[in-house]
Amino acid sequence: MSVPEIATVVGSGTMGPGIAATLVRAGAEVRVYDISAEALARAEQTFAFASGVLDQVGGPKVDGGSATFTTDIGEALAGSRFVIEAVPEKIELKESVLKQIERLVGDDVIIATNTSGIPISDMAPSLERPGRFIGMHWSNPPHLIPMIEVIPGDATEQSTVDELVDIVNSFGYHPVLEKEIAGFVENRVLYAILRECVALLDEGIVTPEALDTCVKWGIGYKLSVIGPTRLLDMAGVDIYAAVSGYLNKQLDASTDTPQVIKDKIAAGELGFKSSKGMYEYGPGEVDAKRKDITAGLVAALKTLSSITPV
Ligand SMILES: NC(=O)c1ccc[n+]([C@@H]2O[C@H](COP(=O)([O-])OP(=O)(O)OC[C@H]3O[C@@H](n4cnc5c(N)ncnc54)[C@H](O)[C@@H]3O)[C@@H](O)[C@H]2O)c1
Ligand SMILES: Cc1ncc(C=O)c(C(=O)O)c1O
């Protein structure tokens with residue numbers, strides 16, 4: 001199985017261009033559609049950058065791929081054999097866009113959503129043919145994180161699941177097939193980690209720099225080689241039992257967005273996009289950090305791709 005000859009990415013913000021670059025490198029003719037001409041102009045630049053990064057990684061490349069960018073949804077979907085929706089995380093918007101897409105593609109075309117965690121079954125009723133609708137959760141940056149969660153909804157047909165798993169495998173990514181649960185697997189784990197991290201920062205237990213050092217060189221490094229299930233065996237299930245017995249009741253269990261985060265949102269401190277978030281960035285620092293992140297992920301990806309899976 002190879003990637004579908006013609007694919008469409010709907011929504012070209014943070015995720016769309018990197019998704020498109022990945023599919024183009026796998027040989028697909030990719031149409032990138034956005035409602036905003038300004039977003040599309042930015043997307044062309046982001047796509048070019050992501051494509052250059054993929055050249056640095058040097059992974060497999062299938063000739064013949066191409067990308068076009070359009071604000072005409074009819075042009076974007078004409079003849080498309082595979083659609084990835086990547087519009088903002090708002091269920092009503094996604095449902096409206098999914099209906100738009102379905103009216104313009106063949107009955108057998110897979111429609112995948114890159115939602116971060118909205119249950120697929122909650123969106124499926126907006127489609128006439130929900131059997132071809134499925135979750136395809138890429139991680140940011142999509143051209144450098146070679147794992148995609150495949151999440152069927154209640155109405156998703158098995159043929160759709162099988163075909164999407166084959167497509168993900170065809171461009172060398174790791175498909176993770178999972179049952180539907182709010183947030184999906186990756187974000188449930190990530191948000192449990194982030195909840196504890198924000199609590200530790202908010203209580204002044206550790207500085208941001210020290211926390212990042214601890215996690216990057218501790219569990220981050222370790223878990224990039226040893227998955228958490230394997231780690232339980234390496235550490236000893238008995239050790240986990242002994243520690244969880246007293247620690248689990250001590251962990252942060254807040255059920256709402258922390259006030260410290262709400263305060264930052266209110267102050268417009270959103271992170272890279274506003275040059276201040278958990279850290280503050282001087283002139284040129286955000287671009288420098290983005291370059292450092294890309295270089296680090298490329299180096300780590302090359303190394304991890306070269307080691308025997310544990
Ligand atoms: N940003 C991340 O780290 C990340 C990671 C994984 C998954 N996701 C998910 O991917 C999806 C997209 O996220 P993002 O961060 O790329 O969002 P974004 O806001 O950066 O980009 C969304 C794009 O969709 C466009 N758009 C809005 N309405 C549209 C419409 N009606 N038709 C076509 N285009 C429209 C916007 O102009 C924008 O360019 C969300 O569901 C998000 O949860 C995001
Ligand atoms: C903070 C955060 N939230 C959601 C997602 C993905 O859905 C990501 C990511 O992909 O990196 C993230 O970092």
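Which helix gives the most to the shell around ligand 2? Keep that in mind as you go through these views of a predicted model.

**View 1. Meet the neighbours of ligand 2.** Seven names are worth finding here, so let's list them by position: Ser116, His137, Ser139, Asn140, Asn187, Leu190 and Tyr191 surround ligand 2. Sorted by character, the shell holds five polar residues, two nonpolar ones and no charged ones.

**View 2. Helix α7 beside ligand 2.** Here is the helix we were after: α7, running over residues 184-202, gives the most to the shell, with three residues. Zoom out a little and you'll find that the shell draws on two domains, with at least three residues from each of domain 1 (6-182) and domain 2 (186-305).

**View 3. Polar side chains and the oxygens of ligand 2.** Start with His137, where a side-chain N or O atom sits 2.8 Å from an oxygen atom of ligand 2. Asn187 does something along those lines, with a side-chain N or O atom 2.9 Å from a ligand 2 oxygen. Then check Ser139, which has a polar side-chain atom 3.3 Å from an oxygen atom of ligand 2. As for cover, ligand 2 on its own has 320 Å² of accessible area, and the protein covers 66% of that.

**View 4. The annotated stretch, residues 8-180.** An unreviewed UniProt entry labels this span "domain: 3-hydroxyacyl-CoA dehydrogenase NAD binding". In the model, residues 8-180 are 38% helix and 21% strand. Look for the two ends of the span too: their C-alpha atoms lie 24 Å apart.

Conventions:
Residues are numbered from 1 along each chain as its sequence is written. Chains are lettered from A and ligands numbered from 1 in the order in which they are written. This is a predicted model: local features need pLDDT of at least 70, side-chain atom pairs count only at pLDDT 80 or more; totals for chains, interfaces and linings use all residues. Side-chain values use heavy atoms; hydrogens and water are left out. A residue is near a molecule or strand if one of its heavy atoms lies within 4 Å of it. A polar contact is a pair of N or O atoms within 3.5 Å; within protein, one must be able to donate a hydrogen and the other to accept it, and residues adjacent in sequence count only if both atoms are side-chain atoms. Accessible areas come from the Shrake-Rupley method with a 1.4 Å probe; for residues, only the protein chains shown count as cover. Helices (H or I, at least four residues) and strands (E, at least two) are DSSP runs, numbered from the N terminus. Ala, Val, Leu, Ile, Met, Phe, Trp, Tyr, Cys and Pro count as nonpolar, Asp, Glu, Lys and Arg as charged, and the others, Gly among them, as polar. Domain bounds come from an automatic or database domain assignment. UniProt positions are given in the numbering used here, feature names are shortened, and annotations may be inferred rather than shown by experiment.
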